Amino acid sequence: MKTSPFDNHKENTWCPGCGNFGILSSMKAAFEELGLAPEDLLIVSGIGQAAKLPHYIHANGFNGLHGRALPAAFGAHVANSKLKLVVNTGDGDALAEGGNHFIHAIRKNMDITHLIHDNQVYGLTKGQAAPTTPLGQKTTLQIEGVRVDPLNPVTLAISLGCSFVARANAGDQPFMKEILMAALNHRGYALIDILQPCVTFNKVNTYQWFKDRVYAVPESYDPYDKVAAFSESLKWGDDGIPIGILYKEDKPAYYDRLDHIKTDHLAAVERKPTDIQPLLNQLKF
Amino acid sequence: MRINILIGGSAGHGINTIDQFLTRLLTKKGFHFHSYKDYMSRIRGGTNFTHVTLSDQPVHCHDDALDVIVALTSEIIKEHYDRLTENGLIICDADVVLPEPCRHQVTRLNFKEILKETGNTKGYSMVALGAIVKAIGLEESTLNHLVDKRWTEAIIDANTKTARMAYEATHCVLISIPKTNEDHLVMSGNQAVALGALAAGVGFYSAYPMAPSTGVMSYLTQYETRYPLVVEQAEDEIAAINSIISAASNGLRSMTSTSGGGFSLMVEGLGFAAVAEVPVVMLDVQRPGPATGMATRTEQSDLNFVLDASQGEFPRIILSFNSIEDAFYKTFRAFNLSDKYRVPVILLSDQYLADSTSTVREPDLKALKIDLHLVKEVREDYRHHDLRTLVQDRVVPGMTSQIVMNDSHEHDENGSVTESASNRAAMNDRRMSKLNEIIKEIEEPRLIGDPEAKDILICWGSTAGVVAAAVDNLTGQGRSVGALIFGDLYPLPTKTLTKLIERGARLINVEGNYQGQLRQLISRELAYPIHHSILKYDGRQFSPGYILKAYEEMIQK
Ligand SMILES: Cc1ncc(C[n+]2csc(CCOP(=O)(O)OP(=O)(O)O)c2C)c(N)n1
Ligand code: SF4
Ligand SMILES: [Mg+2]
């Protein structure tokens with residue numbers, strides 16, 4: 001196998017055949033092709049199978065709490081906007097435990113690439129339903145089938161005006177790598193919903209199941225048309241599943257909204273206690 | 001010598017404005033003061049008052065007895081008349097009902113008439129100010145200082161004219177008033193925290209609004225440009241704590257503040273910061289709980305909570321503020337302690353202290369030193385959680401070419417997840433042993449009054465000011481009593497305490513909570529039971545008189 005500067009040779013505990021391997025390889029390939037070095041990157045995650053990813057790559061890592069990857073990415077971005085920030089979350093991590101943060105992180109349009117490893121199940125905790133599990137699908141916990149409607153992360157992100165929304169298929173690494181590179185080059189919040197087969201707990205949404213249904217959006221597709229993107233994003237299942245860049249919106253990234261911050265590395269600013277003397281002077285009467 | 005002035009009316013009467021300008025004028029005249037606001041959790045109506053205590057010495061609490069009551073509504077007289085001293089004065093609006101017979105000097109001003117005459121319809125607070133300035137014996141020229149950046153010349157003229165008219169119309173004056181001539185700063189408890197954080201070089205502040213902590217964020221946000229600083233209103237407290245942990249793990253000094261409800265949401269993050277050994281400073285401005293509790297009232301009931309908050313075992317530092325000045329220094333120090341030991345520092349304030357304003361001696365900023373404890377060059381043998389040492393500088397991403405992993409699992413020395421039994425025990429030892437180092441930098445409680453007295457009052461946080469006033473009072477009566485005032489709470493400093501226990505002092509804990517939570521902590525750390533408590537948990541701060549009364553009753557028994 002080809003080696004990469006991002007290999008770290010740690011013991012990997014994903015199941016053989018898991019879709020996460022494809023995502024990891026595509027990430028390394030995209031980083032390499034973009035000429036990034038391990039110290040340029042910070043990989044942030046929550047908790048879950050997907051969220052183990054920072055441990056399997058040679059780069060700066062932040063493996064935080066379940067559901068809290070996005071606030072963590074935000075703090076890191078404020079401290080050092082020079083770092084290329086990549087966030088790896090599961091569907092539960094991003095949309096259930098972290099659902100509130102997902103909504104508000106998109107509103108900030110911070111400059112990150114967020115990969116949802118969408119296996120439509122909770123892998124780490126052994127097969128319970130995720131927010132993306134289809135209605136009626138049986139799981140290890142929802143033994144009679146899921147009773148609540150699924151959430152479509154792509155539709156949600158488009159409706160929130162996320163500045164870059166894409167979908168990729170973990171079974172198609174070259175395509176995924178292209179999407180990743182586009183996302184990494186995007187200034188603002190780039191979301192990629194990755195169809196990720198969980199070979200152990202999701203016997204419905206398999207590599208083959210996706211292969212039979214995905215289609216790349218055509219050349220003529222205009223990702224800047226919000227209404228068209230919204231309706232395209234609603235396609236799912238036997239009607240076909242669109243992959244590619246589904247939506248784009250031009251708007252200022254978070255740091256560009258901080259008119260008062262003149263540095264791209266806030267943590268490196270030298271500060272002294274005497275800096276506050278003018279404030280003390282204001283408190284004299 | 002202390003003079004107490006209570007100014008009250010309904011929300012919308014401009015009580016805040018009166019307080020703000022009165023305290024400015026007092027500071028200009030060289031007085032020390034302490035001012036606390038008692039307000040209801042509503043925007044209009046209800047009863048609000050501000051209580052200003054002025055002196056030639058620093059003041060850290062209000063007194064029970066009042067020298068002047070300025071009543072804009074009858075309710076204020078009804079509630080506070082009994083507190084007026086024999087020689088006390090009343091200044092009130094035309095329609096305020098006074099007790100019959102009223103044995104005090106009264107100046108009744110027709111606020112509306114005065115305002116009509118000066119054509120200054122919005123100058124309600126100026127009438128009150130003119131009257132107070134006269135009543136406390138300051139010369140008329142004091143009113144020349146009634147100026148504000150936001151006011152036009154015309155407004156200043158109208159306001160000064162209004163205040164002068166009230167000054168002339170006021171004929172009751174206090175006999176004796178202290179004289180002083182010193183320069184001080186004026187700040188609130190929340191401002192002191194914000195300033196301490198800025199002095200420490202805070203670069204990121206994320207919080208979710210919650211009374212009584214919001215003032216810290218409101219103050220900081222004004223200075224985002226100057227420092228440079230990012231102040232972000234988070235979507236919730238969970239986001240706030242997680243984002244500051246991450247910013248701090250990237251080398252930026254970061255802080256969050258909240259009250260008990262928000263702290264409850266931050267609990268998992270607290271443990272994460274500790275296990276990842278990321279330095280964070282968290283402020284809990286206590287209000288009565290549980291749940292929503294009372295938003296604009298005070299209590300000291302979160303000590304047990306912050307002592308044990310979050311699952312598992314880990315080191316933490318807990319510091320409480322004894323005064324507004326202390327809040328500045330403790331906040332500054334919290335950052336250095338947190339960075340040095342890579343542990344979370346929890347600051348305990350409360351509504352009384354946060355919303356009070358007082359004169360503060362100007363800090364000597366040159367004497368303060370920021371110590372970030374960051375690795376600035378590549379270190380080949382660097383281990384992020386080095387088992388060979390307890391205190392180590394840390395690597396943060398992007399400062400050097402060295403990469404680093406911060407992790408919420410149990411991890412090995414390099415931040416990799418591991419379930420190894422020996423590693424787990426070693427890492428736990430490493431983290432918990434930090435407390436043995438930290439204790440060396442923890443400040444012993446301050447012993448005031450008679451150090452050899454049989455009775456020693458024990459307190460912490462903002463109760464310090466009231467207890468000190470009570471001790472002064474008893475000492476003035478020729479009685480022998482002391483007090484042990486805790487600022488640093490955890491790890492608990494025990495040297496002074498142990499000496500007192502050994503010499504058989506009778507310890508009496510004075511706390512704004514039901515359980516006697518410091519008493520419980522002392523019993524937990526020293527296995528020493530304290531049998532006497534003076535407790536208060538009605539949402540209001542102690543007063544010196546309350547403590548004296550409870551103390552007298554206690555020793556009668
Ligand atoms: C506060 C908290 N609640 C619950 C858990 C247990 N937990 C860990 S991962 C997870 C869900 C994982 O599902 P997902 O995010 O979809 O990731 P996957 O394993 O499928 O990649 C849960 C419930 C936890 N670690 N922390
Ligand atoms: S349980 Fe599923 S998601 Fe987790 S490693 Fe195995 S295959 Fe992958
Ligand atoms: Mg999942």
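Which residues coordinate the magnesium ion (ligand 3)? In this predicted model, the donors come from Asp91(A) through OD, Asn119(A) through OD1 and Val121(A) through O, at 2.1 to 2.2 Å. Along the chain these donors follow the spacing D-x27-N-x1-V. Asp91(A) and Asn119(A) link distant parts of the chain, 28 residues apart: Asp91(A) belongs to helix α3 (residues 91-97) of chain A, and Asn119(A) to the loop between β4 (112-118) and α5 (153-159) of chain A. Both Asp91(A) and Asn119(A) are buried.

Asn119(A) is also worth following to the next site, since it is listed among the residues around ligand 2. The others in that shell are Trp14(A), Cys15(A), Cys18(A), Gln49(A), Gln196(A), Cys198(A), Val199(A), Thr200(A) and Phe201(A). By character, the shell around ligand 2 divides into six nonpolar residues, four polar ones and no charged ones.

Let us stay in chain A for a helix and what comes after it. In helix α4 (residues 99-108) of chain A, the buried residues include Gly99(A), His101(A) and Phe102(A). Ala105(A), Ile106(A) and Lys108(A) in α4(A) are buried too. Asn109(A) follows α4(A) and sits in the loop between α4 and β4 of chain A. Its relative accessibility is 0%, so Asn109(A) counts as buried.

Now for some backbone details. Most residues other than glycine have a negative phi, and most peptide bonds are trans. The table gathers two residues with positive phi and two cis peptide bonds.

| Site | Backbone feature | Value |
|---|---|---|
| Asn109(A) | positive phi, not a glycine | near 50° |
| His373(B) | positive phi, not a glycine | about 55° |
| Glu100(B) to Pro101(B) | cis peptide bond | omega about -10° |
| Tyr490(B) to Pro491(B) | cis peptide bond | omega near -5° |

Where do the chain B entries lie? His373(B) is in the loop between β14 (357-360) and β15 (405-407) of chain B, and because its relative accessibility is 17%, under the 20% cut-off, His373(B) counts as buried. Pro101(B) is placed in the loop between β5 (84-93) and β6 (105-109) of chain B, while Pro491(B) is in the loop between β19 (488-490) and α15 (495-502) of chain B.

Finally, a helix pair in chain B. The axes of α6 (residues 189-199) and α7 (residues 214-221) of chain B come within 8 Å and cross at roughly 50°. α6(B) and α7(B) are therefore oblique to each other, and their crossing is right-handed.

Methods: Residues numbered from 1 in each chain as written. Chains lettered and ligands numbered in written order. Predicted model: local features only at pLDDT ≥ 70, side-chain atom pairs only at ≥ 80, totals over all residues. Heavy atoms only, no water. Near = heavy atom within 4 Å. Nonpolar A, V, L, I, M, F, W, Y, C, P; charged D, E, K, R; others polar. Donors = N, O, S within 2.8 Å, 3.2 Å for Na, K, Ca; no water. Helix = DSSP H or I, 4+ residues; strand = E, 2+ residues; numbered from the N terminus. Buried < 20%, exposed > 50% of the residue type's maximum accessible area, 1.4 Å probe, protein only. Axes fitted to C-alpha atoms, helices over the stretch in contact; angles between N-to-C directions. Parallel < 35°, antiparallel > 145°, perpendicular 65-115°, else oblique. Left-handed = near helix turned anticlockwise from the far one by under 90°.
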